[in-house]
Amino acid sequence: ETERRHNVSSHAALPNVVMDVESYNTVLYALARSGLRDAPKRAMAMFDRMQHVFGLRPTIRSWSALLETYAKSGARTPSLAQTAEQILQRLLQSKDCKPDMYTFTSVLSCIHRGNPSQVLRSEEILRQMEDMYQNGTIDAPPDRYHYTILCGTWARSLRREAPQRVFEILAYLIQRGGTSFLKFCMLSLT
């Protein structure tokens with residue numbers, strides 16, 4: 001069904017233009033990179049129209065592009081972070097797609113930029129990723145990039161326990177087989 005197409009000639013000046021899921025994905029990614037403050041709103045409208053008006057089934061690239069518009073939006077508000085989490089929950093309930101590393105990265109970035117006070121929610125999301133990897137729902141565990149976002153969110157949270165928590169996260173990554181760079185960072189902190 002993802003190959004289903006619709007003719008947009010009645011909606012546009014170009015005759016016989018056919019939009020498929022990849023066409024929508026391209027527009028969603030363009031919105032994500034536009035820097036427009038209303039890009040998330042526009043992307044959500046397009047994502048919903050793609051599904052409900054034209055009957056196209058979103059791919060994981062569609063979900064990732066949608067979430068990227070929230071992560072890269074010029075507006076950095078708690079509501080954007082909350083909406084990104086809601087989109088992730090919709091994806092998790094979808095039978096057609098499973099989340100990938102990019103979808104989680106976008107959600108974590110939204111929390112980092114828009115609502116760092118929700119740092120504990122970021123930790124829950126990372127634990128969820130670990131669990132999903134362990135039970136085979138996703139193909140890879142969170143990587144150091146995900147944990148770097150978490151450390152940055154801790155720093156932005158202004159919580160008193162942030163330095164200790166960042167230290168614990170780095171220690172966890174080293175225990176898990178971290179790189180020599182991480183080991184260097186830990187030695188620098190001690």
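These notebook entries record what I looked up on helix packing and pockets in a predicted model.

**Entry 1: α3 against α4**

I began with the pair α3 and α4. Their axes lie 9 Å apart, and the packing angle is about 170 degrees. Angles over 145 degrees count as roughly antiparallel, so I recorded α3 as roughly antiparallel to α4. I then listed the residues in contact. From α3 I noted Ile60, Trp63, Leu66, Leu67 and Tyr70, which meet Leu80, Thr83, Ala84, Ile87, Arg90 and Leu91 of α4. Sorted by class, this contact holds nine nonpolar residues, one polar and one charged.

**Entry 2: α2 against α4**

Next I turned to helix α2, which spans residues 39-52, and helix α4, which spans residues 78-93. I found that their axes come within 12 Å and cross at roughly 20 degrees. An angle under 35 degrees counts as roughly parallel, and therefore α2 is roughly parallel to α4. I noted the hand of this crossing as left-handed. On the α2 side the contact is made by Pro40, Met44, Phe47, Asp48 and Gln51, and on the α4 side by Leu80, Ile87 and Arg90. I counted the classes here as five nonpolar, one polar and two charged. Leu80, Ile87 and Arg90 of α4 were already in my list for the contact with α3.

**Entry 3: α4 against α6**

I then asked which residues of α4 meet α6. They are Glu85, Gln89 and Leu92, and their partners in α6 are Arg121, Ile125, Gln128 and Met132. The two helices pack at an angle of about 20 degrees, with 13 Å between their axes. By the cut-off used in the previous entry, this makes α4 roughly parallel to α6. Their crossing is left-handed. I recorded three nonpolar, two polar and two charged residues in this contact.

**Entry 4: the largest pocket**

I moved on to the pockets and asked how many residues line the largest one. The lining has 14 residues, and those nearest the pocket centre are Glu68, Lys72, Tyr102, Thr105 and Ser106. I noted a volume of about 230 Å³ for this pocket. The elements that each give two or more residues to its lining are α3, residues 60-71, and α5, residues 101-114. I had met α3 before, in its packing against α4. By class, the lining divides into five nonpolar, four polar and five charged residues.

**Entry 5: the second largest pocket**

Last, I looked up the second largest pocket, which holds about 150 Å³ of space. Its lining consists of Glu123, Leu126, Arg127, Glu130, Tyr147, Leu150, Arg165, Glu168, Ile169 and Tyr172. I asked which elements give two or more residues to this lining. They are α6 (119-134), α7 (144-157) and α8 (162-175). Helix α6 thus appears again in my notes, after its contact with α4 through residues including Arg121 and Ile125. The class count for this lining is five nonpolar and five charged residues, with no polar ones.

How values were computed:
Residues numbered from 1 in each chain as written. Predicted model: local features only at pLDDT ≥ 70, side-chain atom pairs only at ≥ 80, totals over all residues. Heavy atoms only, no water. Axes fitted to C-alpha atoms, helices over the stretch in contact; angles between N-to-C directions. Helix = DSSP H or I, 4+ residues; strand = E, 2+ residues; numbered from the N terminus. Parallel < 35°, antiparallel > 145°, perpendicular 65-115°, else oblique. Left-handed = near helix turned anticlockwise from the far one by under 90°. Contact = heavy atoms within 4.5 Å. Nonpolar A, V, L, I, M, F, W, Y, C, P; charged D, E, K, R; others polar. 1 Å grid on protein atoms, 1.4 Å probe; cavity = no way out; pocket = protein on both sides within 12 Å on 5 of 7 lines; lining within 4 Å. Points joined across faces, edges and corners; volume = space filled by probe spheres on them.
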